Each structure stands twice: as structure tokens, then as C-alpha cells.
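Q: I would like to learn how to read helix packing, sheets and unusual backbone geometry in a model of this kind. Could we take the features one at a time, with the general idea and then the case at hand?

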Amino acid sequence: MARARTGARALGAVLAAVLAATTLAGCSSTGGKRAEDARKAAENARGKAAVTTPRWTFAMVTHSGDGDTFWDIVQKGAKEAAAKDNINFLYAHSDEGQQQAQLVDSYISKKVDALIVTLAKPDAMKAAVAKATAAGIPVITVNSGSAQSKEYGALTHIGQDESVAGEAVGEELNARGRKKALCVLHEQGNVGHEQRCAGAKKTFGGQLQNLYVDGTNMPDVQASIEAKLQADKAVDAVVTLGAPFADAAVQAKKTAGSKAEIDTFDLNAKVAAGLEQGTLGFAVDQQPYLQGYEAVDLLWLYKYNADVLGGGRPVLTGPQIITEKDAAQLREYTERGTR
Amino acid sequence: MSQAAPPAAPGGAPPAGDERLLRTSLPRRLMGRPELGSVVGAVAVFVFFSIVADSFLQPSSLNTVLYAASTLGVMAVPVALLMIGGEFDLSAGVMVTSSALISSMFSYQMTANVWVGVGVSLLVTLAIGAFNGFMLTRTKLPSFIITLGTFLMLTGLNLGFTKLISGTVSTKSIADMEGFSSARTVFAETPLFGATVKSTILWWAVLVALATWILLRTRFGNWIFAVGGGADAARAVGVPVKRTKIFLYMGVAFAAWVSGQHLLFSFDVVQSGEGVGNELTYIIAAVIGGCLITGGYGSAIGSAVGAFIFGMTSKGIVYAEWNPDWFKFFLGAMLLLATLLNAWVRKRAEATR
């Protein structure tokens, strides 16, 4: 056992040495939290209720998976609207249709004052939405389900029509003189993703192919795009369906020695920076912040003033095509996580 | 306590008169290696895609395949060792993401040189590995339960902490911080002979060599085979079963740290929800590479061949430009075929012994 003790002691010594060495290396004079704090010190006046209506409780139930950047921005918009409108805001999510419906049911039994739901899996949600409207709870649908929203009894729908967004991408690719494009889907079997690529295919004059990648494994996403670009040298445009994947595509292009332009759906700080530097062509934004913010605000307007927006048709929050010239302005907003 | 029975480890000078230690001819010895079947499978997959996909044989394509295999292979090595030792680690995939998140957020929040974050991440990740091993040996619960618990806890911690600390579900970019470029050289892209190669390929090669040496040439290697073959028998002949298992879990943690840093320094922001499901891919690579699910048998080189088969298959489908709707089906069928071939060759090899 003596040998074992020395082994453990040696390991401890090595670990201590690593820690000491890294601590000695000290601080970074660039970037990091300190730089962010300096930026934040300037702006700081959000989050006070601006109305005197009673403190209603609104709940939102989405089909988001765990740790999805997009839904985080939606939530941010909803929370800021809730703070302003004196709303107690609740949020829950599940990427399983059945569980999402159960979450809605639990909010109904909690007797919330209004509900915001997504209809990514419309059939699973149908009964839950009907139950809510029967209980007199106003419902607004956001993001997905523009086709079913009215039929299921929701007040209005706020979101982007995925097919329309795809069509906008096809047109933008035409305007940029692209001939052969790749549509990178990071979730196999996601209806919205298929609609985007199908929409792009419809308006795009050239040829468009789908490529499915494993969205939970970033190095694999990169290698798959790399492989595709090597296999088909004629590809001159790559469209990713989520902001984090645009960067993987940029690196894949570099390694594969391809000349393709990288474009993407959705926005984040890296995408904004990429647009500014010219490593990305354009981004299609559906303004998730707006989807959350407007949903809460419209429900408040409905409760307070019986207002409804959209005239029975979906209120579109996108597609907004963002290029180099808008990027500088948006970058700041992406860094604080609202764009 | 030093004399552990080495069930599958060759080497050492055989004293005359013991038939178990007789010298055997080279082909005979090759036939007995656990990775033999997977090598045959790898050759078959390679030849197959060389024929059906035109661009598969280009040097740049092979480089891409190698990269895809290496990101998986780095993790498959310690996972294979752990399987030989008779245990699983379901937390391995998420641990990679945890490790990347820790170094990124520590550096960012402390505005510290990124190497500080990298060091802290190493310590914390090793501690998670040690926790797995410690809980396993202390509670005597199956590793499936212990590491499933760790898997879920880490998944929650990744999301919870990231949201709590950065306010969003992904980390902030640390690309403009000091030490980033040197860390990038070590973990993401390393210049080598005038070209730039993905660092995971080098880490992979080193880890395979190191693990092979440990398995075949050291006493610790014998302990691994012994605890996987039968923990009680091993304990009876003086093998420190608990310590061996804890070290094996720490080995997995170390590789998770390497993979995590690669993730961080390749893409400089980390999504907190990533990594779920990858633990199965590591286990698959080890199994294709000839590790027995029941433990006690397998090799590090086999895990590398398994990772290579996986890399070739997943990227070969793209090179072959097959209809993507069927992607997962092709992948599954190829993997099944490779494993069946593997098993068949091994049976033949054992029959002719």
C-alpha cells in the first residue's frame, strides 16, 4: 500500500503544480467579464413596471429543447415585457409533444390569466389549447403553428412563416448569383426545418441539396459539412438553420478549401461579427425577442383593452435579412442576448 | 500484492516448462488480438466507400475522415479501458461539454488568462471522474446507475450554471482574451511540418500509444484486465480493485477535458445543451473495436479502429451523396455489418488456434 500512497501524493503534487502554474499566469488584460461590466455600466434602467393593472400571471410553454439559445432570447423578450406590464411570468418547456401538452394542462389547473404556447407538434397540443379556451384563458401562439393557431381557438399567432422565410433565402441567394446551395439541417425530422429548406428550394434558381448533421456534436457538424464540400466542389453557398452552426460551416469551408458563401438562419454575437468581417454572407432573423415580447404585451393589451392584433392572420416577425451593413448596429444587441 | 494474473497480456521472458507461456508464431499471436476483427471490418468499410464515393480517396477527404474519427477516438480510448475494467460511463458525453463550459466561464468571469480556466477545468473534470469512481466503489451500485445519475446532474448543472453566470444558455466568446491563441495551438489546430493539423488527431495518437503501453506493459494494465475479468478473483490475488476503477474513471475525465478544450478553442463559444448522446457513440466505437461489453477483454488500438470505422461510415455516406433521408439507416446498417464481421473473424481466429 505504501506505493499507492506515494502514487496518490505524486498525483496531488502534479495537480497542485498545475493550479499554481495557471494561477501565476494571471489575468487577461483583454476581453472577459471586466470588459462586459464596463459596457453594462452605461446602460441600466430596465425592469420597472410601467402600468397599474393588477398583477396577472401569464405562462409560456414552448417546444424548446434544453439549453437552446433561440428560446432563451424569446424568454428574455417575454420577461422584459412582463416586467413592464406588471405580469408574473412563468415558463416551461419540453421537446416532447405529449409532455408539452401536460405542462399546459398544469398551468390551466393553476388558473393562470393567459397562456402563450408553440404549436410545433400541433396534434399533440390541440386538446390542451381547447381546454384552455374552454376555461376562459386567452391563448396566443408563437413561433410555430401559424396554420393551426386560428382553428384551435388562439387569439392570434406571432411568428415567422417558415416557408416564407425559406423563400426569402432562395431569393437572396438568387440576388447573390449563387448556383448550387447546401441546406444544413441540424435536427432530422423537424418540420419547421424541412419547410425552410423546401421554401428556399422553391424560389432558388439553382440547385439546392439538404444535408443532415448531428446538432449535439459540433465537431461532427463541421466534419460533415467539410465532407460535403469536398465531395461536391460546385457548391457555392451553404445555409445553416441555426446561428451556432454557421461558425462550424465557416471552419469547414476553410479546411475544405471551398469558395462557398456561408449564410444562416438566426442571429447571435458570432454571426453578427462574422457578417461584419465578411466571413458570412447574410443572416435571416425571425426576431425571437419580438416573439416573446409581443406575445406578453398583446395578452396584456387584450386583458386591459380587449385589443387583438393581426385581424385573424398571423403577425409575422420575420424574415428580416441581415447583411454586413446592419451587423455593426446589431452586434451590441446580440452580445446582451436580445437579438 | 504485486503478482496479478495477466489473462491477456503477452510479453515478458517465458520460463521454460510452462505451456501457457510458450512462444507462438507471429500470425498466431495476431489472430489472438482483440482488434483483429475490427481491422478487417475497417478495411472492408474503406474499400467499400473507395468504390462507391469518388471523392473519398482524396487526401483532403481522408483528412476530414481522420478528424471526425479523432474527436470520437480521443474519448473512445479511456472508455475502452474502462470497459475492459468492466464498467461503463454514461456521463462521458456531457462531461466534455461541462469541461469546456468550466474553462470558458472561469476565464471569462475572472477575466483571467485562458490557461487559468483550462487548469481549473482539468482539476474539476478529474474530480468529477474521481467522484464517479468513488461512488461506484463505495456504494457497490452498478456503474449504469451511478453514471446515469452523474449524466443527469451534469446536464442540469451545465444549463443551470451557464444561465446563472452568463445570463444566456451559451458562453460568451473568449477569443479576444490572453492565452487564447496558444491554447488554440495546443487544443484546436496545431502547426506540424508546415501544415496545420487538427490537434485532436495528435492527442488521439498519443492517447492510443499511451493506453496500449499501459495495458500491455505495465502492472496497472494487468490490474485493468484482472478487475474486468473478475473483481473478486482479482481482489483475492491482491489487485487494488477500487483504486484501479477510480483511476479508470479519472482517465475518462482526462480525455473529456481534452475533448472539451478542443470544443472550446475550435469554436470559442460553447452551447450548454451539447454533448447528450455522444457517450453512446464512444461505447459503440469501443465495442466495434473488440471490447467485450462484459469486461476483461479488448484493446486501445481496437477502440481507435472502431472510431475510424465510425468516422469513415458517417462521412462516407456524405461523400457517396446518398439520399440524406436514409442517413441514420445507412449508418446503423454499416455499423451492424462491421460488428458482425468483427465477431465472425474473431470466432474463426479462435477456432484455428
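**Reading the packing and the sheets**

A: In this predicted model, helix α10 (residues 269-277) of chain A packs against helix α12 (residues 324-335) of chain A at an angle of about 155°, and their axes are 8 Å apart. Since angles over 145 degrees count as roughly antiparallel, α10(A) is therefore roughly antiparallel to α12(A).

Q: Which residues of α10(A) and α12(A) make the contact, and how do they divide by class?

A: Two packed helices are described by the angle between their axes and the distance between the axes. Beyond those values, one can list the residues that meet: from α10(A) they are A:Ala269, A:Ala272, A:Ala273, A:Leu275 and A:Glu276, and from α12(A) they are A:Glu324, A:Ala327, A:Ala328, A:Arg331, A:Thr334 and A:Glu335. By class, this contact of α10(A) with α12(A) has 6 nonpolar, 1 polar and 4 charged residues. The crossing in which α10(A) passes α12(A) is left-handed.

Q: At what angle do helix α3 of chain A and α11(A) pack, and how far apart are their axes?

A: The same general description applies. Helix α3 (residues 69-84) of chain A packs with α11(A) at an angle of about 35°, the axes being 7 Å apart, and the crossing of α3(A) and α11(A) is right-handed. Among the residues of α3(A) that take part are A:Phe70, A:Ile73 and A:Val74, while the α11(A) side includes A:Tyr289, A:Tyr293 and A:Val296. The contact of α3(A) with α11(A) comprises 10 nonpolar, 3 polar and 4 charged residues.

Q: Which helix of chain B packs with helix α8 of chain A?

A: Helix packing can be read across chains in the manner used within one. Helix α8 (residues 218-231) of chain A packs with helix α13 (residues 300-319) of chain B at an angle of about 35°, with axes 8 Å apart, and α8(A) passes α13(B) in a right-handed crossing. On the α13(B) side the residues are B:Ser314, B:Lys315, B:Val318 and B:Tyr319, and they meet residues of α8(A) including A:Asp220, A:Ala223 and A:Lys228. The contact of α8(A) with α13(B) divides into 5 nonpolar, 3 polar and 3 charged residues.

Q: In what order do the strands of the parallel sheet of chain A run, and which are its edge strands?

A: A sheet is read by its strand order, its pairing and its edges. Here 6 strands of chain A form an open sheet in the order β2-β1-β3-β4-β5-β11, with parallel pairing; the edge strands are β2 (88-93) and β11 (315-316) of chain A, each of which pairs on one side only. Strand β1 (residues 57-62) of chain A is joined to β2(A) by 6 bridges, and A:Ala59 stands opposite A:Leu90 in β2(A). Helix α5 (residues 122-134) of chain A lies across β3 (114-118) and β4 (139-143) of chain A, at about 165° to β3(A). Helix α11 (residues 288-305) of chain A lies across β1, β2, β3, β4 and β5 (157-159) of chain A, and runs at about 165° to β4(A).

Q: What is the strand order of the sheet of chain A with mixed pairing?

A: This open sheet has 6 strands in the order β7-β6-β8-β9-β10-β12 (chain A), and the pairing is mixed. Its edge strands are β7 (207-212) and β12 (320-322) of chain A, each pairing on one side only, and neighbouring strands are turned by 20° against each other on average, direction ignored. Helix α7 (residues 191-203) of chain A packs on the sheet, where it touches β6 (180-185), β7 and β9 of chain A, and its direction makes about 165° with that of β7(A). Strands β9 (residues 261-265) and β10 (residues 283-285) of chain A run parallel and are joined by 2 bridges, with A:Phe265 opposite A:Val284 in β10(A).

Q: Where do unusual backbone values occur in chain A, at A:Asp266 and at A:Pro319?

A: Most residues other than glycine have a negative phi, and most peptide bonds are trans. A:Asp266 has a positive phi near 65° and lies in the loop between β9 and α10 of chain A. A cis peptide bond, with omega about 0°, joins A:Gly318 and A:Pro319, and A:Pro319 lies in the loop between β11 and β12 of chain A.

Terms used: Residues are numbered from 1 along each chain as its sequence is written. Chains are lettered from A and ligands numbered from 1 in the order in which they are written. This is a predicted model: local features need pLDDT of at least 70, side-chain atom pairs count only at pLDDT 80 or more; totals for chains, interfaces and linings use all residues. Side-chain values use heavy atoms; hydrogens and water are left out. Axes are lines fitted to C-alpha atoms, for helices over the stretch in contact, and angles run from 0 to 180 degrees between N-to-C directions. Helices (H or I, at least four residues) and strands (E, at least two) are DSSP runs, numbered from the N terminus. Angles under 35 degrees count as roughly parallel, over 145 as roughly antiparallel, 65 to 115 as roughly perpendicular and the rest as oblique. A crossing is left-handed if the near helix is turned anticlockwise from the far one by less than a right angle, and right-handed if clockwise. Contact means heavy atoms within 4.5 Å. Ala, Val, Leu, Ile, Met, Phe, Trp, Tyr, Cys and Pro count as nonpolar, Asp, Glu, Lys and Arg as charged, and the others, Gly among them, as polar. Two strands pair if DSSP finds at least two bridges between them.
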